[in-house]
Amino acid sequence: MTIVEKVKIEAKNKKIALEEAYRIFNEKVDDEFSLEDISIELLEEKKKFFGLLGGLNSYQATLELIEEVESKDGEFRVEISDDGIFLIVKQPVGNGRQVKMDAIEETLEKKEIVEVDYTAVSEALTLDGEKIKIADRKAELDRDASLEFKLSKDKMEAYISHIPPLGGRGFTVEDIMEELNKEGIVFGIKKEEFTEIFNSKKQLEDFLIAVGQDPVPGEDGRIDFKFDINSSEKKVNLLDDGSADFRNLGRIVNVDPGDLLATKVLAVEGEPGKNVMGEDVAPPPVKDIDIPVGENVQLSEDGMSLTAVIEGQVVYNHNSISVLDVYTVRGDVDLSTGNIDFTGSVIVSGNVNDGMEIKSQGNVLIEGSVYGGNIEADGQIVIKKGFIGAIKGTLRAKGDINVKFIENGTAITEGDLIVQDAIMHSTIDAGNKVVVEEKKGLIVGGKIRATKEIVAKNIGSNLATPTEVSVGITPGTRDDYNNKNNLFKDKQDKLDQVIKNIKLLKEQREKNNGKLLANKQDLLNQLTRMRFSIAAEIEEIKEDKKKLESKLEEGKEGKIKVQDTIYTGVIVSIGTLVKRIDEVNKFVQYYLDDDQIKSKPYS
């Protein structure tokens with residue numbers, strides 16, 4: 001639709017005429033328009049005396065607006081009644097597509113309508129919404145409507161498909177409800193939704209007609225810890241300004257005799273659900289748990305609470321809760337102190353110098369730096385400054401490791417590794433997460449491996465420094481699996497050789513009328529005992545392999561998150577899959593899906 005408005009204007013020049021036309025049209029026309037929609041035509045140029053320019057010229061201004069009409073495709077329907085078979089065609093609107101003859105023919109064939117008057121069909125195609133008879137109804141071709149029901153494997157969903165009748169008997173909603181009942185589908189029926197969309201004259205395919213009620217899961221028994229166990233949800237303290245305080249982590253907790261350390265929370269059973277057949281669906285079973293008892297603690301008679309017996313540091317290493325004494329070094333760990341091997345926690349107010357070692361059954365807190373030293377803890381390791389490994393230095397902890405930076409060192413933890421600034425040219429194995437997200441937040445060079453997640457601001461460098469980041473399988477688990485697999489093959493080979501030797505000795509015995517020389521009989525007895533022993537070992541190894549394979553499957557959930565930039569040359573591994581980064585990416589995370597390493601924006 002086009003709107004055209006015209007007006008004559010007297011003005012000194014074209015610009016003034018355009019502005020005046022815009023004002024006039026704005027008062028007359030409701031639709032929005034701009035100056036570009038107005039055209040100006042000079043009708044008469046007037047002059048002053050003596051042929052000089054400067055009078056008012058006469059202009060014609062034209063406003064032309066094209067109003068867009070929403071397009072809609074043409075459509076048709078076929079109606080069957082006692083009087084015959086009729087075709088109704090609705091014509092398209094705007095730029096919509098015309099109804100084609102072949103579409104009508106296809107519908108007539110599906111409905112098995114024969115002896116069609118195509119003259120009448122062609123007439124209907126020229127009309128808009130009129131009902132045109134195109135064939136006589138043949139009662140012998142009538143067909144009743146039909147229904148099909150499908151159940152999901154777990155019987156928690158039921159689907160219905162409906163084929164409308166061809167002149168025969170159709171179904172009402174109530175008829176269909178009765179058919180559902182006959183099929184045994186009696187629970188969770190979506191009658192209101194079905195009634196709203198159902199049309200007895202139209203086909204319906206795989207409509208979700210019934211949904212079961214999922215069971216309500218129970219709650220496993222759990223331990224309510226009364227101290228900070230360094231869970232993955234609480235890694236650092238937040239300051240008032242929202243920034244993270246990596247220096248004052250408060251990870252070593254002091255307790256006194258009689259302090260409550262943990263209580264047991266009993267499991268809560270779930271509630272059953274129902275499938276669409278009305279059958280009960282049992283909730284997942286719940287698990288009970290006992291408080292893990294370690295050293296210098298006391299469990300109550302009912303097993304519901306644990307208290308400290310001595311003053312010291314409370315340590316949780318996932319297997320037990322213990323209270324351990326603390327050994328303090330006021331200064332550096334060097335040749336004057338010697339190496340430290342202590343049953344409790346260790347606090348060093350200075351540095352750990354080159355080549356020195358600390359072994360602790362609790363936590364290790366070092367106020368300074370570690371230079372080429374080796375630190376081993378059953379709890380966690382906190383280094384307020386840096387760890388310069390000088391290639392030979394190693395940090396090893398069953399709990400978390402917290403450090404300002406790591407350079408040319410090795411760090412192995414069964415928990416999280418949290419680094420404030422950077423990991424450079426180092427080897428890292430973390431049983432849970434590696435987090436490097438403050439200051440530079442840099443990982444460059446070396447091999448960084450974690451079971452669940454690696455989070456960093458930047459990974460690699462613009463020099464394409466070889467850097468490997470892996471998640472999903474702990475190196476220890478992978479090594480254990482490979483070792484078990486190799487041992488399994490070795491034992492099988494050994495068993496095959498033993499069986500082969502037993503067969504040879506038995507063949508000799510048969511040839512000698514059931515007799516063997518005494519030394520060979522002793523050898524046969526020895527090989528027989530060995531066969532049973534090796535077979536038992538193989539069964540045990542197979543069970544260990546199954547457990548490790550299960551862990552390898554769990555490792556596929558790992559993620560690598562980059563808060564800023566990941567550079568070319570970085571190798572990303574998730575589970576057993578490997579991806580080389582060929583172009584610089586920003587704000588991205590990598591994960592495993594359909595046995596492929598995929599990426600999406602970091603969030």
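Visitor: How many bridges join strand 7 to strand 8?
Guide: This is a predicted model, in which local features need pLDDT of at least 70 and side-chain atom pairs count only at pLDDT 80 or more, while totals for chains, interfaces and linings use all residues. Residues are numbered from 1 along each chain as its sequence is written, and side-chain values use heavy atoms, with hydrogens and water left out. Strands (E, at least two residues) and helices (H or I, at least four) are DSSP runs numbered from the N terminus. Strand 8 covers residues 157-163 and runs antiparallel to strand 7, and the number of bridges joining the two is six.

Visitor: Which residue in strand 8 is the bridge partner of Ser146?
Guide: Strands of a sheet pair through backbone hydrogen bonds, either parallel or antiparallel. Two strands count as paired if DSSP finds at least two bridges between them. For Ser146, the bridge partner in strand 8 is Ile163.

Visitor: Which strands stand at the edges of the sheet?
Guide: The sheet is open, with three strands in the order 7-8-9 and antiparallel pairing. An edge strand here has a single partner strand, so one side of it is left without a neighbour in the sheet. The edge positions belong to strand 7 (146-151) and strand 9 (204-211).

Visitor: How many degrees does the twist average from one strand to the next?
Guide: Angles run from 0 to 180 degrees between N-to-C directions, and axes are lines fitted to C-alpha atoms, for helices over the stretch in contact. From one strand to the next, the twist averages 25 degrees.

Visitor: Which helix lies across strand 7, strand 8 and strand 9?
Guide: Contact means heavy atoms within 4.5 Å. The element in question spans residues 173-182 and runs at about 45 degrees to strand 7. This is helix 4.

Visitor: How many residues apart in sequence are the parts that Glu279 and Lys155 tie together?
Guide: The side chains of Glu279 and Lys155 meet in a salt bridge at 3.7 Å, N to O, a term that requires a side-chain nitrogen of Lys or Arg within 4 Å of a carboxyl oxygen of Asp or Glu. Glu279 lies in the loop between strand 15 (273-274) and strand 16 (280-281), and Lys155 in the loop between strand 7 and strand 8, so the separation in sequence of the parts tied together is 124 residues.

Visitor: Is Asp280 buried or exposed?
Guide: Asp280 forms a salt bridge with Lys274 at 3.0 Å, N to O. Buried means under 20% relative accessible area, exposed over 50%, and partly exposed in between (1.4 Å probe, protein chains only). Lys274 is partly exposed at 31%. At 58% relative accessibility, Asp280 counts as exposed.

Visitor: What is the N to O distance in the salt bridge of Asp354 and Lys392?
Guide: Asp354 is partly exposed at 48% relative accessibility, and Lys392 is partly exposed with a relative accessible area of 48%. The side chains of Asp354 and Lys392 meet with an N to O distance of 3.1 Å.

Visitor: How many salt bridges does a search of the whole structure find?
Guide: The pairs above, including Lys274 with Asp280, are among them. Over the whole structure, the number of salt bridges found is 30.

Visitor: Where does His425 lie?
Guide: His425 has a positive phi, near 50 degrees, in a residue other than glycine. His425 is partly exposed, with a relative accessible area of 45%. The location of His425, within residues 417-430, is strand 32.

Visitor: Which residues do ring pairs link into a cluster?
Guide: Rings of Phe, Tyr and Trp (its six-membered ring) pair if their centres lie within 6.5 Å, with planes under 30 degrees apart counted as stacked, over 60 as edge-to-face and the rest as tilted; by this rule there are six aromatic pairs. The rings of Phe194 and Phe198 have centres 5.0 Å apart and planes at 25 degrees, so the pair is stacked. Phe194 is buried at 0% relative accessibility, and Phe198 is buried at 14%. The cluster linked by ring pairs consists of Phe194, Phe198 and Phe207.

Visitor: Over which ring does the charged end of Lys545 sit?
Guide: A charge sits over a ring if NZ of Lys or CZ of Arg is within 6 Å of the ring centre and within 35 degrees of the ring normal. The charged end of Lys131 sits over the ring of Phe86, 5.1 Å from its centre. For Lys545, the charged end is 4.5 Å from the ring centre, and the ring is that of Phe488.
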